[in-house]
Amino acid sequence: MGLEVLNLTVRVKDKVVLRNVSLNVDYGTIHVVMGPNGSGKSSLAYTILGREGYEVLEGDIRLDGESILNLETHERALRGIFLGMQDPPAIPGVKLSTLIIASMNKRIGVSDLTKISDPRIVKTIHKVASEIGLPMELLQREVNVGFSGGERKRSELFQAIVLEPKIAILDEPDSGLDIDGIRKVASYIDSLRSKGRAVLLITHYARMLHFVKPDIVTVLIGGEVVARGGPELVFEVEELGYETIRKKYKGD
Amino acid sequence: MGKPVELREDIFKGTEAAVELLGYEKPFKAQVELKGRITKDMIEEISRIKKEPEWMTRLRLKSLEFFYKLPMPKWVTGIESIDLEELILYVKPEVEMVKDWDDLPRDIKEYYDKLGLPEIEKKLLAGLTTVFESETIYARVKKHLEEKGVIVLPLEIAITKYPDFIKEYFLKIFPFTEHKFAALHGALWSGGVFVYVPPGVKVREPIESFFLIGRSAEGQFEHSLIITGEGAEVTWIEGCSAPRLSKYSFHDGMVEAYAHKNSFIKIVTLQNWSKDVINLNNKRGIAEDNARLDWVEGSIGSKMTYVYPSTILKGDYSSTRNTVIQLAKGPVLKDTGSKAIHVGRMTKSKIINKSISADGGINVYRGIIRIVRGAKNAISNVECEAMIFDSRSRAHTYPHNQVDEITATVSHEARTGRLSDVQLFYLQSRGLEEDEAKSLIVLGFLDEIMIELPFEYVNILSKVMQLEFKKLGGYG
């Protein structure tokens with residue numbers, strides 16, 4: 001059980017960005033999708049969340065065996081799918097704390113989204129923030145407005161933990177971080193797995209995978225799955241580079 | 001600017017908070033209703049019904065003369081199509097003024113209950129007056145303030161009690177000769193409050209006045225006068241609302257404020273008329289030496305709004321902070337702008353205008369900063385921020401500076417942002433529906449106002465905004 005992507009072909013405007021892509025992300029596992037820039041990694045994440053403009057031509061996306069293709073983005077999120085974006089946008093006017101409280105209220109069905117319906121929410125927010133080293137001051141700032149690259153990453157990871165999703169999709173959570181930052185992010189991703197969550201980790205570089213060992217690795221190039229394997233595939237990619245990997249597995 | 005909002009366009013069909021709270025208009029009995037051509041006879045009759053002193057009758061008649069003499073102002077678009085003769089210009093409801101909520105007729109009290117006013121009054125207000133249609137129907141000030149000489153009275157009563165005092169300010173801060181609708185207001189004014197805080201008295205809790213229009217095709221012309229003596233302090237909150245009306249109503253109110261030396265006045269308006277009210281409010285105040293006069297306006301409801309809170313910084317070291325947050329959602333026009341006239345030396349003005357345009361709404365900022373020669377070292381800073389939710393909606397900014405003093409510092413910053421697909425997607429991916437995402441952004445914009453308000457109001461405002469952005473349906 002978990003997330004299943006079945007023979008997915010997706011078009012954005014008149015360009016096919018994913019072609020016949022299949023993958024499973026089971027609970028308690030980390031599935032890594034690697035690929036060069038423009039390989040369709042982020043498109044895969046957007047399509048799973050049902051972003052407007054990502055038209056599914058063929059295939060299916062299932063959560064716990066049930067198709068979610070007809071659900072809107074917010075419904076997919078409420079079913080427990082979370083996306084930590086590679087480059088999350090600034091949202092002027094909305095404080096990070098407000099966003100999280102609204103998001104949590106929505107999950108538990110509290111109609112006044114801005115109301116702190118349960119003091120435990122505040123406690124949880126503070127606890128997780130201090131654990132992952134998110135400055136409290138950031139909670140009172142508008143989401144991503146004037147955040148540094150590192151602060152954005154930390155804020156996305158923070159949300160991925162505090163909102164307790166079943167499926168956490170993390171798109172390049174390590175870009176722009178120094179080695180200590182990467183090590184930390186890796187350990188939180190590992191802890192998501194040990195809590196039984198399904199993690200879909202999208203990354204261009206292998207460096208983060210020195211700190212967190214994936215269960216399955218899929219290499220995506222040009223919108224197609226070119227290779228799949230265990231953790232050893234990460235090192236192969238690192239050694240050979242995407243071009244050689246493509247030639248080796250696709251044979252052209 | 002673009003095409004103005006059509007007055008005759010179908011009545012707004014979306015969800016709106018005022019209607020969610022107050023429902024639809026219910027007919028209330030009126031003792032007196034005056035409509036038709038605005039004549040000398042009509043004005044005299046209003047004056048007679050109100051048992052006014054002669055000087056007031058004369059002032060009304062003089063205003064009427066100017067109403068007919070003055071041209072239609074250029075900054076109004078749409079108002080000219082209102083047929084004033086179609087409106088009931090004076091409605092005396094069949095209620096006597098009371099000091100106890102339970103003495104009000106049940107249907108009327110119900111409106112105030114839905115707005116939560118009796119509760120709020122008990123908890124945190126120093127005084128409260130409510131105007132229903134054209135008359136004040138409830139007025140009370142807490143005893144300890146009465147003992148300190150704080151006056152909170154319907155203006156009509158104040159006129160007979162303190163005529164010489166009122167004469168010095170009434171229609172002097174905002175002369176009726178200024179424009180056609182100021183003159184119309186001078187002729188027809190009815191209802192409103194007189195707040196006076198004697199020298200040295202600091203009123204900690206706010207004093208509120210609430211204005212309700214209960215029927216269609218009505219004109220409401222309330223007048224409020226807020227005065228602080230030397231070193232005094234007061235916050236006055238004015239709230240406005242109306243249920244869903246079957247035809248347009250017209251509001252042409254006026255607020256005059258006078259802050260004497262070293263005193264502080266803060267005027268907070270929460271305007272949530274239903275979207276069948278055309279709202280014009282004339283607001284002006286004068287600040288003496290070292291006095292501060294602040295305006296805070298949350299402009300949420302109405303079909304069209306024309307409001308330009310203005311401060312004349314007459315005294316040295318006087319200052320003003322003017323915050324207007326406006327929402328134009330649906331076929332709505334909000335034309336607002338803060339004004340500051342610097343006369344004294346070392347005077348300061350800070351103006352913040354934030355607007356949100358959604359579903360075809362139009363926001364206009366039309367501000368004026370004037371620094372006269374001799375206003376040495378005056379400082380003025382204007383910040384305008386516009387958020388546009390979709391391609392049908394618009395925002396325009398027309399700042400105007402007139403600086404005749406070489407030592408003055410004037411700055412203006414303007415920002416316009418559009419809600420992008422990726423911003424919306426991001427919020428949706430956090431579990432929020434499109435309208436919820438938008439209401440969160442709007443609430444964020446309202447933060448500047450929230451910090452000026454007691455907690456209870458913040459809750460109400462937050463609820464109101466979430467209702468505003470709920471999915472369409474239910475009406476029309």
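Start with a weak spot: over residues 7-12 of chain B, pLDDT stays under 50. For that stretch the model has seven contacts beyond four places in sequence. Residues 472-476 of chain B also have a pLDDT below 50. Beyond near neighbours in sequence, that stretch has seven contacts in the model. Where pLDDT is low, the predicted coordinates should not be read in detail. This is a predicted model throughout. Chain B as a whole averages a pLDDT of 88. In chain B, 95% of the residues score at least 70. For the complex, the predictor gives an ipTM of 0.96 and a pTM of 0.83.

Now take chain A. It holds eight helices and 10 strands. Its C-alpha atoms fill a box of roughly 60 × 40 × 30 Å along the principal axes. A compact globule of 252 residues would have a radius of gyration near 18 Å, and chain A has 18 Å, so the value agrees with that rule. Buried residues make up 45% of the 252 residues in chain A. Look next at the contacts in chain A between residues at least 6 apart in sequence. Of these, 66% join residues at least 24 apart.

Chain B can be read in the same order. It has 13 helices and 26 strands. Along the principal axes, the C-alpha atoms of chain B fill a box of roughly 65 × 60 × 45 Å. For 476 residues, the compact-globule value is near 23 Å; chain B has a radius of gyration of 21 Å, which agrees. Of its 476 residues, 57% count as buried. Among contacts in chain B with a separation of 6 or more, residues 24 or more positions apart account for 83%.

Where do the two chains meet? In the model, 26 residues of chain A are in contact with 23 residues of chain B. On the chain A side, the elements that give two or more residues are helix H2 (73-78) and helix H3 (96-108). H3(A) gives the most, with six residues. By class, this side of chain A has 13 nonpolar, six polar and seven charged residues.

Inside chain B, helix H9 (180-188) deserves a look. How many of the residues of H9(B) are buried? The count is nine of nine, so the helix is mostly covered. The buried residues run from B:Lys180 and B:Phe181 through B:Ala182, B:Ala183, B:Leu184, B:His185, B:Gly186 and B:Ala187 to B:Leu188. Their cover includes helices H2 (40-49) and H3 (54-69) of chain B. It also includes strands S2 (88-93), S8 (219-220), S11 (249-259) and S13 (277-287) of chain B.

The loop between helix H8 (163-169) and H9 of chain B holds B:Leu171. This residue has a positive phi of about 55°, although it is not a glycine. Is B:Leu171 buried or exposed? It counts as buried because it has 24 C-beta neighbours inside 10 Å, and the cut-off for buried is 20 or more.

B:Asn377 also has a positive phi, near 55°, and is a residue other than glycine. It lies in the loop between strand S22 (368-371) and strand S23 (379-388) of chain B. B:Asn377 has 14 C-beta neighbours inside 10 Å, so it counts as partly exposed.

Note on methods. Residues numbered from 1 in each chain as written. Chains lettered and ligands numbered in written order. Predicted model: local features only at pLDDT ≥ 70, side-chain atom pairs only at ≥ 80, totals over all residues. Contact = placed C-beta atoms within 7 Å. Helix = DSSP H or I, 4+ residues; strand = E, 2+ residues; numbered from the N terminus. Nonpolar A, V, L, I, M, F, W, Y, C, P; charged D, E, K, R; others polar. Buried ≥ 20, exposed ≤ 12 C-beta atoms within 10 Å, placed from the backbone. Rg over C-alpha atoms; globule rule 2.2 N^0.38 Å. pLDDT = per-residue confidence, 0-100.
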